[in-house]
Amino acid sequence: MNNPLPAYNDLIKENDSIYRALYKRLGLSACTFWILYTLREEQNSITQTEICEILHEPKQTVNSALKSLEAEGYIILSYGQDRRSKCVMLTEKGICLARKTVDAVMLAEQSALLALSEQERAMFLSLFRKYTEILKDKTKEIGGAK
């Protein structure tokens, strides 16, 4: 394979498309979906800052989605140990929404990963992690200060 970039880009875009279709069918924005997903994955109250770090999303994007989830009664925002950090917890209504949406997606993802052998999963995750670290390093200077 001379240039693997087109094949890689096609796979990444196809995966993005799978998730976009899911958000749409579930009636959720991408950020709202990933916040619910993160809250289910963590299974404890976590801070808004931690959600931003996990999702690699700007604070304003996450804050906007959290405000919407709070207004709809899906989450509770409360102050943590200091007034600067807000803890995020699912309400009963939020747990019900997560069960109908992100839990089903997590089950499908887990099923897809388990369809690979243990060795294939380890290799896939190892190589993708390595690629991501190399890409992060190679793109540090692009568009930065001169």
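**Helix packing and the sheet**

User: At what angle do α5 and α6 pack?
Analyst: About 35 degrees, with the axes of α5 (residues 92–100) and α6 3 Å apart. Axes are lines fitted to C-alpha atoms, over the stretch in contact for helices; angles run from 0 to 180 degrees between N-to-C directions. Helices (H or I, at least four residues) and strands (E, at least two) are DSSP runs numbered from the N terminus.

User: Which residues make that contact?
Analyst: Ala98, Arg99 and Lys100 come from α5. α6 supplies Val102, Asp103 and Ala104. Contact means heavy atoms within 4.5 Å.

User: How many are charged, and how many nonpolar?
Analyst: Three charged and three nonpolar, with no polar residues in the α5–α6 contact.

User: Any caveats on the model?
Analyst: It is predicted: local features need pLDDT of at least 70, side-chain atom pairs 80 or more, while totals for chains, interfaces and linings use all residues. Residues count from 1 along each chain as its sequence is written, and side-chain values use heavy atoms, without hydrogens or water.

User: Now the sheet. What's the strand order?
Analyst: β1-β3-β2, an open sheet with antiparallel pairing. Pairing takes at least two DSSP bridges.

User: Which strands are at the edges?
Analyst: β1 (46–47) and β2 (75–79), each pairing on one side only.

User: How many bridges join β1 and β3?
Analyst: Two, in the antiparallel sense; β3 covers residues 86–90. Ile46 faces Val88 of β3.

User: Which helix lies across β1, β2 and β3?
Analyst: α2, running at about 85 degrees to β3. α4 (residues 59–71) also packs on the sheet, touching β2 and β3. The direction of α4 makes about 115 degrees with that of β2.

How values were computed
Nonpolar A, V, L, I, M, F, W, Y, C, P; charged D, E, K, R; others polar.
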